[in-house]
Amino acid sequence: AHCSYFISTVCNFMSHEKCLKNVKIPCSCVAPSLVRVPVAHCFGPPGHYKRKFCTVCRKSLESPAFRCEVCELHVHTDCILFACSDCRQCHQDGHLDHDTYHHHWREGNLSSSARCEFCKKTCGSSEVLSGMRCEWCGILAHAACYVIVTPECTFGRLRNMILPPNCVQLFSRNFSKLHCFRISENMQTESDEDDDVDGSTQGSTKDIQISTDSSKQTLKIFDGNDAVKRNQFRLISVPRIAKNEEVVEAALRAYYINDDQQEYELQTFTQQVLLSDDVINRNDAAEDSNLGSVFRESVPEAWIIRAKPKDEEVIRIYPAWLKVGMAYVSLRVNKDSTVQTVIKEVLPLLGRQTECLQNFKLVEVLMGSKQVQRMVLDNQELILNRLKDIRKTSIRQMNQTRFYIVENSKSIVQVNLFVGGLPPQLSPEEYTNILKEELAIKTNVVSVSHVYQAQGAVVLQISCFSEAERIYMLVKDTVVNDKPLNAVVIPAVM
Ligand SMILES: [Zn+2]
Ligand SMILES: [Zn+2]
Ligand SMILES: [Zn+2]
Ligand SMILES: [Zn+2]
Ligand SMILES: [Zn+2]
């Protein structure tokens, strides 16, 4: 190294000291707020990636890790939850999008011979996570230089072969890219349960060894009820004489939460009145539940991060019709605020006060790394209660959640679903009958639009999302003549 290094204590970010002033890398705790359009990643099965680094914790990937097949995001198995859905948007979702595209920057894991587009010096490294690459056009730049590069991306040398997102239309709702591209047939990530794949991870012990230094103590930190249920914790090491605030601060940092520590507190398991029965009955958790009262030198104490209750707070509402940038309006809400009053107060702030409230809905969007989940909120729901519930589940989840105000769409739903694995050489009527029998397709919203007799496959045109999702899920568990069926969502190419 030719000059001194700066290392961020929150995200382990490393930079040359003198280069730091130009660096604008979001650390994992602020990354969710910088997502332009939430798009889930498409992780293949875990693999061994040599001399690659995790985008979340920036440490090397020595154990099996995940890589996004679309945008080359690399993450540890126990860091995957902290990655947010900032994948490349490869299609449009029924809206008319803008037709200029921005570079989609992904940091690090470049070859060590990579050269910066801007300053022409080496920007890759196999020692640390460094350098940036556009996942569309492939240009390379330093973290300090990429901010100067023109933001518009023209797709580079392969532009004649790239289908830009505005040419690929897919009414996807809760379908993820996995559903469309079928990259990992047997992955658990396809299930509805977002975090299944790391459900067996028993906390992260690799970062902090149990301290032998008697002036320090090691604590198990759980992020809300969700982590308790999965018995997923992170270990922190703090001085025995640490102040309460310092412990809370360290706990938040372990989860990449950048909020003010005064808004949070730590509760021991014994203070938990909200623990669900299945946790108490589990053997591994039962031991932990005693830790609040019984001091044991060898076992770390277990704590849960909790948000302190609030009587009012400021929330951000993102207008879904603005597809460019991260524009939002801030709104103060109190204990009487409902989804309905939020919509009513937000519309004038967006210049749409003359429009009818009934034409809008508030959608909660969870920007998970593996799936973007959208949920329409009930008009009567108290907004502070909703925030409280999310934080009770997981503070990280709150950090990855956005609220969008969405215009009720008048557009026509049309999902094209390819179903393969059927017996070959049948007539269209015979295929329809098999599908009626095996999948109970509703013929008022489903029709067979193409038949591939030689391959034993059909394309279904479906005019209802929930029916499309139902058929898709059912197909995966259906066997016809001893052959399993398979399904792929087909985008429309214009
Ligand atoms: Zn330097
Ligand atoms: Zn990591
Ligand atoms: Zn990705
Ligand atoms: Zn580019
Ligand atoms: Zn450069």
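This dialogue walks through the confidence, the two zinc sites and some of the salt bridges of a predicted model.

Colleague: Before I look at any side chain, what is the mean pLDDT of the protein chain, and which stretches fall below 50?

Modeller: Since pLDDT is the predictor's confidence in each residue, I begin with the chain as a whole, where the mean is 80 and 76% of the residues reach 70 or more. Over residues 182–207 the value is below 50, although in the model this stretch has 76 contacts beyond near neighbours in sequence. Residues 271–297 also have a pLDDT below 50, and that stretch has 39 such contacts.

Colleague: Turning to the metals, which protein atoms are the donors of the zinc ion (ligand 2), and how are they spaced along the chain?

Modeller: A donor here is an N, O or S atom within 2.8 Å of the metal. For the zinc ion (ligand 2), the protein donors are the SG atoms of Cys54, Cys57 and Cys79 together with ND1 of His76, at 2.1 to 2.3 Å. Along the chain these donors follow the spacing C-x2-C-x18-H-x2-C. The pair of cysteine 57 and histidine 76 links distant parts of the chain, 19 residues apart, with the cysteine in the loop between strand S2 (14–16) and strand S3 (65–67) and the histidine in strand S4 (residues 74–76).

Colleague: Why is the arrangement around the zinc ion (ligand 2) tetrahedral?

Modeller: Four donors count as tetrahedral if all angles lie between 85 and 135 degrees. The angles subtended by the four donor atoms around the zinc ion (ligand 2) are 95 to 115°, and therefore the arrangement is tetrahedral.

Colleague: Are cysteine 57 and histidine 76 buried or exposed?

Modeller: The cut-off for buried is under 20% relative accessible area. Cysteine 57, with a relative accessible area of 4%, is buried, and histidine 76, with 1%, is buried as well.

Colleague: What coordinates the zinc ion (ligand 3), and which parts of the chain do histidine 41 and cysteine 87 tie together?

Modeller: The zinc ion (ligand 3) is coordinated at 2.1 to 2.3 Å by ND1 of His41 and by the SG atoms of Cys68, Cys71 and Cys87. The angles among its four donor atoms are 100 to 116°, and the site is tetrahedral, while the spacing in sequence reads H-x26-C-x2-C-x15-C. Histidine 41 lies in the loop between S2 and S3 and cysteine 87 in the loop between S4 and strand S5 (101–102), so the pair ties together parts 46 residues apart in sequence. Both of these residues are buried.

Colleague: How many salt bridges are there, and which residues pair with arginine 352?

Modeller: The criterion is a side-chain nitrogen of Lys or Arg within 4 Å of a carboxyl oxygen of Asp or Glu, and the count comes to 16 salt bridges. Arginine 352, buried at 14% relative accessibility, meets glutamate 355 at 2.9 Å, N to O, and also forms a salt bridge with glutamate 407, the closest N and O atoms being 3.0 Å apart. Because glutamate 407 lies in strand S19 (residues 401–407) and arginine 352 in the loop between helix H6 (339–349) and strand S17 (360–367), this pair ties together parts that are 55 residues apart in sequence. Glutamate 355 is partly exposed at 29%, and glutamate 407 is partly exposed at 31%.

Colleague: Which residues are linked in a network of salt bridges?

Modeller: The network links Glu263, Lys310, Glu313 and Arg391. Within the pair of glutamate 313 and lysine 310, the closest N and O atoms are 3.7 Å apart; glutamate 313 counts as buried at 10% relative accessibility, whereas lysine 310 counts as partly exposed at 29%.

Notes
Residues are numbered from 1 along each chain as its sequence is written. Chains are lettered from A and ligands numbered from 1 in the order in which they are written. Side-chain values use heavy atoms; hydrogens and water are left out. Donors are N, O and S atoms within 2.8 Å of the metal (3.2 Å for Na, K and Ca); water is not among the atoms, so sites may look incomplete. Four donors count as tetrahedral if all angles lie between 85 and 135 degrees; four count as square planar and six as octahedral if opposite donors are over 155 degrees apart and all others between 65 and 115; anything else is irregular. Helices (H or I, at least four residues) and strands (E, at least two) are DSSP runs, numbered from the N terminus. Buried means under 20% relative accessible area, exposed over 50%, partly exposed in between (1.4 Å probe, protein chains only). pLDDT is the predictor's confidence in each residue, from 0 to 100. Contact means heavy atoms within 4.5 Å.
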